[in-house]
Amino acid sequence: MSGRVLTRLFFGVVAVFLAAPIVVIAGVSINAKRTLAFPPQGLSLDWYAQMFTDEAWRSAILRSVTIAALSAVIAVLIALPIAYTLWRRTTWVGRVVQLLGVSPFVLPPVITALGALSLWATVGFYGASWTVVISHAVFFTSLPLVTISLGFSSIDPAFPDAARTMGASEAVIARTIVAPLVLPYVISGLAFAFVLSLNEYIVAYMTVGFTVETVPIKIFNALRYGYTPTMASISVLFVAVAVLVFGLVARFGDLPRLLGAWRRD
C-alpha cells in the first residue's frame, strides 16, 4: 500500500473513532424504550420533546444558557481592556496581567474549581447562583483574551497612523477602524466561552454544588437516580449548539488563525 493510502486509512480510522460516541448517543436519543440501549429498540422523538415539556430539564437548560451567556459576556468585558491596553503599550505589568488572565484555563480545571470553592466558602457566598457566573467568567477569560489579542495584532499599524495624520482623534480611530477589525475576534471569544461554559461541570459543581442544577449537574444526578434517553437527547442538542456556534465562527471569522494556523502571504 502506498503512503497516501495509509495516510487516508489512518485518518479514516481516527474519524470513525471520534465520531462513534456521537453516533451511539444519537442512536440512544431516539430509542423508543426507556433504556440507554444501542442500537435503538424502536424509534421515537419523545425524549427530545421531554427536554422542554419536563419542568426539571427545561429549567436546567434555561439555567445553563443564562449562566453561559452571562459568564461569556463578563469574560469578554475582562479580556477586552487587557488586550487593548497591551496593544497600545506593552509593559511588564500588562504582561503579568495577561499571564494571570490565561492561567486559570491553563491549570487543571479541578485546581481552579478548588480555588473558587475556597474563595466563596471563605467570604460566605458558597451556593449563591451568581458565584458560578463569576467563576466561569474568570475560568474562561483566557479564551476571549487570546482571540481578541489576535484581533488587535492583525491590525495594520498603517491604518491608525494614516487616520491620525488626517486629524482623527483616538476615539474616532477606535470606533471607525479598530472596532470593526476586532469585532469578529470579540464575537469568536464570546462564542468559545459560551459553548465551554454551557458544558462545564467541575467548576459549577465545586462552586454551587447541587443548589444550582445546570444541565451537566442534572445529567450527573439523572445517572445516579435512573437512566433515561433524555440525557442522550440533551447531549445531542449541546453538540448541535457547539457545531452551530463554531460553524458560524468559521464562516464569519478567521477560525484557522484563531486555532493557531497563521496565514502565509
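**Exercise 1.** Is Trp87 buried, partly exposed or exposed?

Solution. The model is predicted. In it, Trp87 has a relative accessible area of 27%. Buried means under 20% and exposed means over 50%, so Trp87 is partly exposed. Tyr84 falls in between as well, being partly exposed with a relative accessible area of 28%.

**Exercise 2.** Classify the ring pair formed by Tyr84 and Trp87, and place it in the structure.

Solution. A pair of aromatic rings is described by the distance of the centres and the angle of the planes. Step one: the ring centres of Tyr84 and Trp87 are 6.0 Å apart, and the cut-off for a pair is within 6.5 Å. Step two: their planes stand at 45 degrees; stacked requires under 30 and edge-to-face over 60, so the pair is tilted. Step three: both residues belong to helix α3 (residues 55-88), where they are 3 residues apart, about one turn of the helix. Together with Phe152, Tyr84 and Trp87 make up one aromatic cluster.

**Exercise 3.** How many aromatic pairs does the structure hold, and of which type is the pair Phe10 and Phe11?

Solution. There are 9 aromatic pairs. For Phe10 and Phe11, the centres lie 5.4 Å apart and the planes are at 70 degrees, so this pair is edge-to-face. Both Phe10 and Phe11 are exposed.

**Exercise 4.** Which ring does the charged end of Lys218 sit over?

Solution. The ring is that of Trp57, and the charged end of Lys218 is 5.2 Å from its centre. The distance cut-off for this arrangement is within 6 Å.

Definitions and conventions: Residues numbered from 1 in each chain as written. Predicted model: local features only at pLDDT ≥ 70, side-chain atom pairs only at ≥ 80, totals over all residues. Heavy atoms only, no water. Buried < 20%, exposed > 50% of the residue type's maximum accessible area, 1.4 Å probe, protein only. Helix = DSSP H or I, 4+ residues; strand = E, 2+ residues; numbered from the N terminus. Lys NZ or Arg CZ within 6 Å of the ring centre and 35° of its normal.
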